[in-house]
Amino acid sequence: MSTSKKAATPGTPVTKDSHLYLVDGSAYLFRAYHALPPLTRKSDGLPVGAVSGFCNMLHKLVLSSKARGDRDAPTHFAVIFDAKGDTFRNAIYADYKANRDAPPEDMVPQFPLVRDATRAFGLPCIEMTGFEADDLIATYAKQAAALGAEVTIVSSDKDLMQLVDDKIEMLDPMKDKIIDSDGVVEKFGVTPDKVVEVQALAGDSSDNVPGVPGIGIKTAAQLIDEFGDLENLLANAATIKQNKRRENLIEFAEQARISRQLVLLDCNVPVDVPLGDMAVVEPDAQVLIGFLKDMEFNTLTRRMAEALNADADAIEAAGDHAAEKPAASQPEQADEKGGTPGALNTTLIDTPPLDATAYECVTTLDALDTWIAEATTAGLVALDTETTSLDPMSGRLVGISLATAPGRACYVPLTHGMAGDGALALDGPAPEQIALKDAVARLKPMLEDAGVLKVLQNAKYDLVVLKRIGIDVAPIDDTMLLSYALDTGLHGHGMDALSERFLGHKPIPFKQVAGTGKSQITFDLVPLDKATQYAAEDADVTLRLWHALKPRLAGERMATVYETLERPMVGVLAQMEMSGIKLDPAILRRMSGDFAQKLAGLEADIHELAGEQFNIGSPKQLGEILFDKMNLEGGKKTKTGAWGTGADVLETLAAQGHDMPIRVLEWRQLSKLKSTYTDALPDFINDDTGRVHTSYSLASTTTGRLSSSDPNLQNIPIRTDEGRKIRTAFIADEGNVLISADYSQIELRVLAHMAGIDTLRQAFADGQDIHAMTASEMFGVPIEGMDPMVRRRAKAINFGIIYGISAFGLANQLSIPRSEAAAYIDKYFERFPGIRAYMDDTKAFAREHGYVETLFGRKTHLPEINSKNGAQRSFTERAAINAPIQGSAADIIRRAMIRMHQALENAKLPARMLLQVHDELIFEVPKAQADKTIDVARAVMEGAAAPAVDLSVPLVVDANAALSWAEAH
């Protein structure tokens, strides 16, 4: 790649005579920081070493090569950065890059400076929310190569090597080394077009891409060389001779597919900056020299002044300009590849620094009594528990940490080195510690004392752990929920993230004290010195976070949200989780058997229709059968060149009357039900209780809705017969029944109230079938004898409007032309103009204030509402419309749950609330008390909005009792 290139002028389009340089700015900054001596600072102490290296690189690549007349000098040039926030890959795999450490402290202020440097050199500085720099580089590189231009990617990042071809090369600026196809083969053992396949198998620990255990780059390359690609390898994994390798490929096949999605670069990002805007132009001398003087890069300043023929007046003016500039060195909340550092909270400036070596290990009752007295006198103590498991219903308490003031914290070991039955778990004697029963006797009065506020992070976990040993902790504050009430939508609410954001401190990672992978030990085996530092630091950090967050409630008018919707839910959910629900594994085993038979029948049908055996679970092989062999119309290839076989594609083909996609959809649905539910649910039955104890998350959504995990009981399908059958396995104890109490169309009712739509309000007040009424209003058909298909279309629009459905989305849902779907939506807004007004007003409010509110004052912050990226802005606008509706509905059911226990107790009913699934509550009660319990539950739920909000539509609850969840629902 060394042909002569002509110089570009501003706005010059990219042609076959162009040479585009794309710099991976974020990656280079990190490499420059770690490669260069960390000594370069301004006279005011600001670290600028990495910025210096960055500026010298730009000078060399752009101006020096151009001045020398290098034949490979760039005609077009851009620097690409990672934008802050998650990308589409986090939606694919929540733990993507989860193990990335925060960047070094002296690197943080250099993030905005390299962007300033790029602009000072007159070069485009590009980043895009929702995408990584690598995706933007991939998109621009492919665009330029398609126009015949040569492309040099300035980076050594192995993830970019998949792009290398006869038009695209890489340049490692630190080594001044070109990486071409031969270089990629040297690195991966395969050509660039197979790099993704190798990475999918080998994974990447730095990005937390899982891959397949036991397979490294060398083995992956051998396998891909033999089988051609990942899908073919997985389809033939059973033929692998090496036992462990074969077993891992079969067991972790889906993990490999996910890994491939993570490492595959998006070459079709809807970029805003066109290639023509990247034409290299001479920088403004005054701006560039001003920036370099401001950074105190004296040598480079002189060199650039000479290169740009800047006279003394220009240099002097640049100096004046630099002196007047706002300080570009102020740290911004950047989110580079290293993580989000966050800002210091000035509330805690005068507190002592965090010092893990200063904490006390309490091993005698006298010492524990001193700490208890100190906490009682202060009326405030931060508390944390250490256990043997993340499951509070099975984890054994190992120790407790306390903090009474910032910097004043301790750890109380209780069962270190002990097995669950009290026997020793170590070869030698157990370390000196207080007996569990003695510690409980001492701690219980203080932890239950109404005069001592207990501060916890994710308090629900600790409350369940301590309740299991007889301690009812109260009253409490929860720093996770304080953060959630104040900053929903702005950042995460885990302790580590909050500590880095508000305290500027990264807590000790669990893996540092317990190890990782197969060598990881449970906390009861961690040496006491390490355990003390880790556990006591958690309590200390929690207390400091409380001091930072609690005062904000009143000032930001969020005290009511926290006190009425957040904190009371901790005890409610803790009790629900401890109650659990009974599951009949025999029913699930029978269903798994039935599903297996049906799957076998479907496989036979599919293979017969295909005329050959193939791996139905392989999208690649399925696509080849449908579109290459059977020549079905409507196929579209993905960016990888394979046929798309997603549900939308198959549903479109099925609507055309083709049998094969109908069978494949049935096969996929059954396969997922079997693996996710009927096979997996029995493993969640607790050995001690014989029940399933799901875990609810209070702070994981932006709307206030709860989510559940281990197992996730909120995603069990309800619209199919097979999905409904799974709920038959959830049963009541002998002599009891389950009650399902479900809000009827609560979000539509909230919308009717918030948007002030009189026709909908009246329909709800009259108890009409709202979907039939909507169909009648829109399509001019009588409700009596209405065609079910017409009602179905109205229902799809009713619910779709809440989620900001597009004509494209509605068309897919109803299998109708997009023009017809667009006409439906237009007519809907025409018939119910209040909805359009609500949407427009809500978006305007969000753009002005940066957040939206529920009826009860819960805020969802929307930092991307004014994004310049059209796709991101549209997504955020839909979220702005939906959040007040869905959030208000979530707040209503929270209010009902909080009031329910007292209402049942007042009615002297022995009912237990077991589950919350979206708009539904599940109770268990003796059969004789079912009717009365239904009356109480319905009254509480239907009146939950009052007195805070006087809804203009009635809330209606459908409730039934039966022996199983399926029958009750």
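This passage looks at an open sheet and at one helix in a predicted model.

The sheet is an open one, built from 6 strands in the order 3-2-1-4-5-6, and its pairing is mixed. At the edges stand strand 3 (125-126) and strand 6 (177-179); each has a single partner strand, so one side of each is left without a neighbour in the sheet. For strand 3, the pairing with strand 2 (residues 76-80) is parallel and runs over 2 bridges, with isoleucine 80 opposite isoleucine 126. Helix 5 (residues 133-146) packs on this sheet, where it touches strands 1, 2, 3, 4 and 5, and its direction makes about 175° with that of strand 1.

Strand 1 (19-24) deserves its own look. With 6 of its 6 residues buried, this strand is largely enclosed by the rest of the structure. His19, Tyr21 and Val23 point one way, while Leu20, Leu22 and Asp24 point the other way. Strand 1 pairs in the parallel sense with strand 4 over 5 bridges, and here tyrosine 21 sits opposite threonine 152. The pairing of strand 1 with strand 2 is also parallel, over 5 bridges; in this case aspartate 24 stands opposite isoleucine 80.

Then there is helix 18 (residues 479-487), which is mostly covered, with 9 of its 9 residues buried. Among them are Met480, Tyr484 and Asp487. At the start of helix 18, aspartate 478 brings a side-chain oxygen to within 2.9 Å of the backbone nitrogen of methionine 480. Just after the helix comes glycine 489, with a positive phi of about 95°.

Definitions and conventions
Residues are numbered from 1 along each chain as its sequence is written. This is a predicted model: local features need pLDDT of at least 70, side-chain atom pairs count only at pLDDT 80 or more; totals for chains, interfaces and linings use all residues. Side-chain values use heavy atoms; hydrogens and water are left out. Buried means under 20% relative accessible area, exposed over 50%, partly exposed in between (1.4 Å probe, protein chains only). Helices (H or I, at least four residues) and strands (E, at least two) are DSSP runs, numbered from the N terminus. A polar contact is a pair of N or O atoms within 3.5 Å; within protein, one must be able to donate a hydrogen and the other to accept it, and residues adjacent in sequence count only if both atoms are side-chain atoms. Two strands pair if DSSP finds at least two bridges between them. Contact means heavy atoms within 4.5 Å. Axes are lines fitted to C-alpha atoms, for helices over the stretch in contact, and angles run from 0 to 180 degrees between N-to-C directions.
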